[in-house]
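Trainee: Can we go through this one together? I'd like to start with the words you use.

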Amino acid sequence: MNAADRIARLLFAFYMAAFFAYLFAPLAIMSAATFNASRFPTVTPWQGTTLQWFTALWNDGPMWQSVWTSVIVAFFVVLVAVPVGTAAALLLTSLHARARGFLYALMVSPLLTPGVVIGIATLVLWRQLGVGGGIFLIVLAQASFIICYVMLMVVARLQRFDRTQEEAALGLGASKFMVFRRILLPFLRPALIAAAFLAVLQSVENYNTTLFVRGFDTPLTVYIATKVRTGLTPAVNALALVMITITVLGAIAYEVARRRQAAASGGDQG
Amino acid sequence: MSELYGRFGGGLATIFVALVLLWLTGMVLAPNIMMIDYALRPNLPPAQIGGPDDVYSFDNMLYLANEGVHRAIFFKTIWASALVAFITFVVCYPLAFWLAQHATPAQTGLAILALTIPFWINEVLRTLAWYILLAFRGPLNAVLLSLGIIDDPIRWYGNGGVLAGMVYAYILFMLFPIYNSIESLEKAQIEAARDLGASSWRIHWRVVIPHAKAGIATGCVFTFMLAAGSYVAPALLGAPGSRWFTEIIYNWFFEGGDWNRGAAYALVLLVLCLAVVLITLKLARVNLADVAK
């Protein structure tokens, strides 16, 4: 190894350290600030270690109200997005190439539309119909683009589907509905669960679209952002810490499940 | 279409078609058409709506063109979003290259897990983390002061803060497309270039980047679009002097009370984003179907 290589290696090691520090330092500081007695969330200066902000979080009624709003919205988004996204994927994959190109462009267009524009367009349409902002519009606006993610995930799964299974079932006398319910749906199940999971995450984390259609309802993201203006306390950090912990545990569980599945199927790509 | 009916039978196929139609017309096309309608009409009191003054015009767009402050913020949002895309690319490229070409499968798995964790946490909390880090009396200033790098605390909120928060928020949208496109590059090509005497710099510039062009274009397009349409980062990490175009739009709706002008501004933003997306993809010869993977 010559000198230039060694310098390159050193530079790369430095870059990697900086990259992951950039990635995790803000989250680490936000989490650590939960335990600081300071009224404004920070770690400098450290004014004493405390658990009081967890109590404050527990007693924060409006915050729990906003969590509840987010949960309701996410529930209905899943209810709308998963069936519609699946239908879109099935429709798309049964079309001929030319029609498919156009429909595909239309179907992914919400992903290329800025979030604020989706919110605004939904808001003005429904005002014309006499419906103001609120949970109903939040669900519609969020679902309009979350459906795209569901559609893409189902399309990806469908590409590995073996159509001869359907033909065999039909040949054995099953009805078309039976074939759909007993063969295609079970095959799609992992993709549908993953899509529902992603839909919940996308819905709960959404801010840019939700902000315009929320009316007088306050989902969690809006509540947190408002807190920054009206007086942030480390109770919000306690909430962030809880969410980070759930996330990390979820990520680890997912990784373990994936490895177990990969081991069970003996390196099979399915 | 007939294949759909043949495969699923009349009942199911009709339900599928109906659901897709409801989505595309009711939730995608109709809202956008109504937004265009709003954008082209004047803002009138209820009594005059439908009256002689209620005519289509480009007045709302012309207002943006003639209002100096808004125009300046619009152009600033464009170039700042391009800057966000460029910086995100520079930050992500070495890691994407290493992951795609040098890392062992175990390292890749671990790195991807580490990368995704911050992104399962929502964008508002991620931005809040930066808000805490960059506070005037916050940890970053404290560290820099104690190291003697600066003598007085720096006001990070503003352009710098918005930039840092946005690059942070969109790393994954840049990293994964680049990683995927570099992964398909044969190691032999890089070795061949090296054996022929190319420097590392030249290998990246002439071999890796041209090969990864599609992924780079996809990543840049997404990052640009997300940055231009972002509201939370400028709202939390910005300062009065660093206003973002989305904030102007928000004000028309919820403070200025002129939805027509707000819709016009939103339409301008939409057209701009679509133009940037389509032109970039065309230049990089990327198919729309390959973008959304």
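Mentor: A residue is buried if 20 or more other C-beta atoms lie within 10 Å of its own, exposed if 12 or fewer, and partly exposed in between, with C-beta atoms placed from the backbone. This is a predicted model, where local features need pLDDT of at least 70, side-chain atom pairs count only at pLDDT 80 or more, and totals for chains, interfaces and linings use all residues. Residues are numbered from 1 along each chain as its sequence is written, and chains are lettered from A and ligands numbered from 1 in the order in which they are written.

Trainee: OK, is B:H102 exposed or buried?

Mentor: B:H102 counts as exposed, because it has 12 or fewer neighbours by that rule, namely 11 C-beta neighbours inside 10 Å.

Trainee: Where does B:H102 lie?

Mentor: B:H102 is in the loop between α3 (68–101) and α4 (105–120) of chain B. Helices here are DSSP runs of H or I with at least four residues, numbered from the N terminus. B:H102 is also 9.4 Å from B:K187, C-alpha to C-alpha, with their places 85 residues apart in sequence.

Trainee: And what about A:I246, which helix is that in?

Mentor: A:I246 belongs to helix α11 (residues 234–264) of chain A. With 12 C-beta neighbours inside 10 Å, A:I246 counts as exposed. The C-alpha atoms of A:I246 and A:L158 are separated by 31 Å, and the two are 88 residues apart along the chain.

Trainee: How many C-beta neighbours does A:F35 have inside 10 Å?

Mentor: A:F35 has 19, so it counts as partly exposed. A:F35 is in the loop between α1 (3–32) and α2 (52–58) of chain A. Leaving aside neighbours within four places in sequence, A:F35 is in contact with A:T49 and A:T50. Contact means that the C-beta atoms, placed from the backbone, lie within 7 Å.

Trainee: Now the two chains. How many residues does each give to the contact?

Mentor: Chain B gives 69 residues and chain A gives 69 residues. On the side of chain B that touches chain A, helix α1 (residues 2–40) of chain B gives the most, with 20 residues.

Trainee: What classes of residue are on that side of chain B?

Mentor: The side of chain B that touches chain A has 55 nonpolar, 10 polar and four charged residues. Nonpolar covers Ala, Val, Leu, Ile, Met, Phe, Trp, Tyr, Cys and Pro, charged covers Asp, Glu, Lys and Arg, and the others, Gly among them, are polar.

Trainee: Different topic: how do α10(B) and α13(B) cross?

Mentor: The axes of helix α10 (residues 213–228) of chain B and helix α13 (residues 259–283) of chain B come within 9 Å and cross at roughly 170°. Axes are lines fitted to C-alpha atoms, for helices over the stretch in contact, and angles run from 0 to 180 degrees between N-to-C directions. α10(B) and α13(B) are therefore roughly antiparallel to each other, the word for angles over 145 degrees.

Trainee: Which residues meet there?

Mentor: Among them, B:A217, B:C220 and B:F224 are on the α10(B) side, and B:L269, B:C273 and B:V276 are on the α13(B) side. By class, this contact has 11 nonpolar, one polar and no charged residues.

Trainee: Last one. What is A:V150 in contact with?

Mentor: Leaving aside neighbours within four places in sequence, A:V150 is in contact with A:A81, A:V82, A:G85, A:T86, A:A195 and A:A199.

Methods: Contact = placed C-beta atoms within 7 Å. Helix = DSSP H or I, 4+ residues; strand = E, 2+ residues; numbered from the N terminus. Parallel < 35°, antiparallel > 145°, perpendicular 65-115°, else oblique.
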